[in-house]
Amino acid sequence: MKLKWLGHSCFIIEGNDKIIIDPFITGNPLCSEKLDNISVDIVAITHGHGDHLGDGIEIAKKNDATLVAIHEIAQYAAGKGAKAEGINMGGGVKVKNTEIIMTPAWHSSGLDETNFAIATCPAGLIINSGKVIYHAGDTALFSDMKLIGELYKPDIALLPIGGRYTMDAKQAAMAAEWIKARVNIPMHYNTFDVIKQDPNEFKSLAEEKGAEVIILRPGEEIEI
Ligand code: NI
Ligand code: MN
């Protein structure tokens, strides 16, 4: 499976299908990818904030891709002409050869033109497209991450470390210890000054707890 980080919480994975998660392309200072060059089968969204829903609806429409998100965001996207599948906590959907399951996340969320006018429930996603990926979304640390690890046995965990709006490095290291993924990759840091974080701090704290960490550069792709 190929996994590419486009900065912030945006990843493109190429497993059974090609999937973009939280496609914050426009306005993402870490992302050098051109919107027109993105070609995917599935667009997966953790929540309605602009730095996560991002260009998701436009990408789904352009690629005739299926957008997968919580019910209300899927309805909103469908209303704007995208092909969308709504799911909710603990449930999921199979799109092509990929299964996507929704997990809780502790955060807040909005989704309409004014962005914060409509609250929706933020989420994490388990994406099985050959390998199992846990994208934690924006979240605080919570002990049910142990359950998520036990239930889905993720190969790869994508964890926010930026602090301020999510877990910081110390909390994310504890999350990695609980989730027990084979590999942990930090996200949601250094995009903006308010979420400045040294990923090496996360790496050393997690590795002290026996969790392996790979730090990606924005735009870097790895085979995993
Ligand atoms: Ni958010
Ligand atoms: Mn965010």
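## A tour from the metal site to an aromatic cluster

Along the sequence, the residues that donate to the manganese ion (ligand 2) follow the spacing D-H-x85-D-x49-H. Keep in mind as you click around that this is a predicted model.

**Stop 1: the manganese ion.** Select ligand 2 and show the side chains around it. Which protein residues are its donors? You should find D51 and D138, each giving an OD atom, plus H52 and H188, each giving NE2. These donors sit 2.1 to 2.3 Å from the manganese ion.

**Stop 2: D51 and H188.** Now colour these two. D51 is in the loop between β4 (42-44) and α1 (56-63), while H188 is in the loop between β12 (183-187) and α5 (199-208), so this pair ties together parts that lie 137 residues apart in sequence. Buried or exposed? D51 has 17% relative accessibility, so it counts as buried. H188, at 1%, counts as buried too.

**Stop 3: the second metal.** Add the nickel ion (ligand 1) to your selection. Which residue bridges it and the manganese ion (ligand 2)? That's D138, and the two ions lie 3.2 Å apart.

**Stop 4: the aromatic rings.** The structure has three aromatic pairs. For one of them, select W5 and Y189: their rings are stacked, 5.6 Å centre to centre with 20 degrees between the planes. This pair links distant parts of the chain, with W5 in strand β1 (residues 2-5) and Y189 in the loop between β12 and α5, 184 residues apart. Both W5 and Y189 are buried.

**Last stop.** Add F11 to that selection, and you have one aromatic cluster made of W5, F11 and Y189.

Terms used:
Residues numbered from 1 in each chain as written. Chains lettered and ligands numbered in written order. Predicted model: local features only at pLDDT ≥ 70, side-chain atom pairs only at ≥ 80, totals over all residues. Heavy atoms only, no water. Donors = N, O, S within 2.8 Å, 3.2 Å for Na, K, Ca; no water. Helix = DSSP H or I, 4+ residues; strand = E, 2+ residues; numbered from the N terminus. Buried < 20%, exposed > 50% of the residue type's maximum accessible area, 1.4 Å probe, protein only. Phe/Tyr/Trp six-rings, centres within 6.5 Å; stacked < 30°, edge-to-face > 60°.
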